[in-house]
Amino acid sequence: MKLITAIVRPERVPEVKAALFRAGVTGITLTRVSGHGGEHEIIQRYRASTVVVEFHEKVKIEAAVSEPFVELTIQAVLASARTGDVGDGKIFVQPLERVIRIRTGESDNAALTPVTADEVQQAMLRASGGAEPGGEP
Ligand SMILES: Nc1ncnc2c1ncn2[C@@H]1O[C@H](COP(=O)(O)OP(=O)(O)OP(=O)(O)O)[C@@H](O)[C@H]1O
Ligand SMILES: [Mg+2]
């Protein structure tokens, strides 16, 4: 399991959400954030120059996914968030130790399987040693 964190442009969020849902990634958290990605402006004033480190509005998208969905998730974000200009954002991938669904107490891959997961998704998760066949009632 991995926690995938993507920092993207706010105006790309509808496309990113759609791409993630198409990839079968349905559990996501969105947070508005303020970020700095290395760009700076140099303002000249009375022969002195000041470096201004600007923070820009971004959206942080977090998705905890089972292994079969890691590359799908990354590709979905790349395809939907990229404009080609500086500031398109970044994707961070971190190992995830435990996931627990509070309602049922299920753990790990079983807890990541959406209640509405279709048969293809269920099969991928079963192949990775994850969810129970048929999921939840
Ligand atoms: N190393 C980092 N650690 C944490 N957050 C980062 C890091 N780099 C970028 N971010 C976040 O991602 C946002 C967008 O970053 P940005 O796209 O400018 O990255 P970049 O590496 O400078 O790429 P580019 O060259 O395309 O601008 C930043 O505003 C910040 O919120
Ligand atoms: Mg940058």
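1. Asp-108 is partly exposed in this predicted model. The classification follows because Asp-108 has 18 C-beta neighbours inside 10 Å, whereas a buried residue needs 20 or more and an exposed one has 12 or fewer. Asp-108 belongs to helix α3, which covers residues 108–112. The backbone deserves a look as well: phi of Asp-108 is positive, near 50°, and the residue is not a glycine.

2. A positive phi also occurs at Gly-24, where the value is near 90°. Gly-24 follows helix α1.

3. Helix α1 spans residues 13–22. Which of its residues are buried? They are Val-16, Ala-19 and Leu-20. These three lie on the same side of α1, because the arc they cover around the axis is only 100°. An α-helix has 3.6 residues a turn, so residues three or four places apart point the same way.

4. The opposite face of α1, turned away from the buried side, holds exposed residues: Pro-14, Ala-18, Phe-21 and Arg-22. On the buried side, the cover over Val-16, Ala-19 and Leu-20 includes strands β1 and β5 and helix α2.

5. The sheet is open and has four strands, in the order β2-β5-β1-β6, with antiparallel pairing. Why do β2 (29–35) and β6 (90–95) each have one side without a neighbour in the sheet? Both stand at the edges and have a single partner strand each, so one side of each is left free of a neighbour in the sheet. On average, neighbouring strands are turned by 25° against each other, with direction ignored.

6. Helix α1 packs on this sheet and touches β1, β2 and β5. The direction of α1 makes about 10° with that of β5, the strand at residues 56–65. Helix α2, residues 70–81, lies across β1, β5 and β6. The angle between α2 and β1 is about 5°.

7. Within the sheet, β1 (residues 2–8) and β6 are joined by six bridges in the antiparallel sense. Lys-2 has Pro-95 of β6 opposite it.

8. How many residues surround ligand 1? The shell has 13, and the closest are Ile-7, Gly-35, Gly-37, Gly-38 and Val-86. At least two residues of the shell come from β2, and at least two from β5. By type, the shell holds three nonpolar, seven polar and three charged residues. Glycine counts as polar in this division, which applies to Gly-35, Gly-37 and Gly-38.

Definitions and conventions
Residues numbered from 1 in each chain as written. Chains lettered and ligands numbered in written order. Predicted model: local features only at pLDDT ≥ 70, side-chain atom pairs only at ≥ 80, totals over all residues. Pairing = 2+ DSSP bridges. Axes fitted to C-alpha atoms, helices over the stretch in contact; angles between N-to-C directions. Contact = placed C-beta atoms within 7 Å. Near = placed C-beta within 6 Å. Arc of directions from axis to C-beta.
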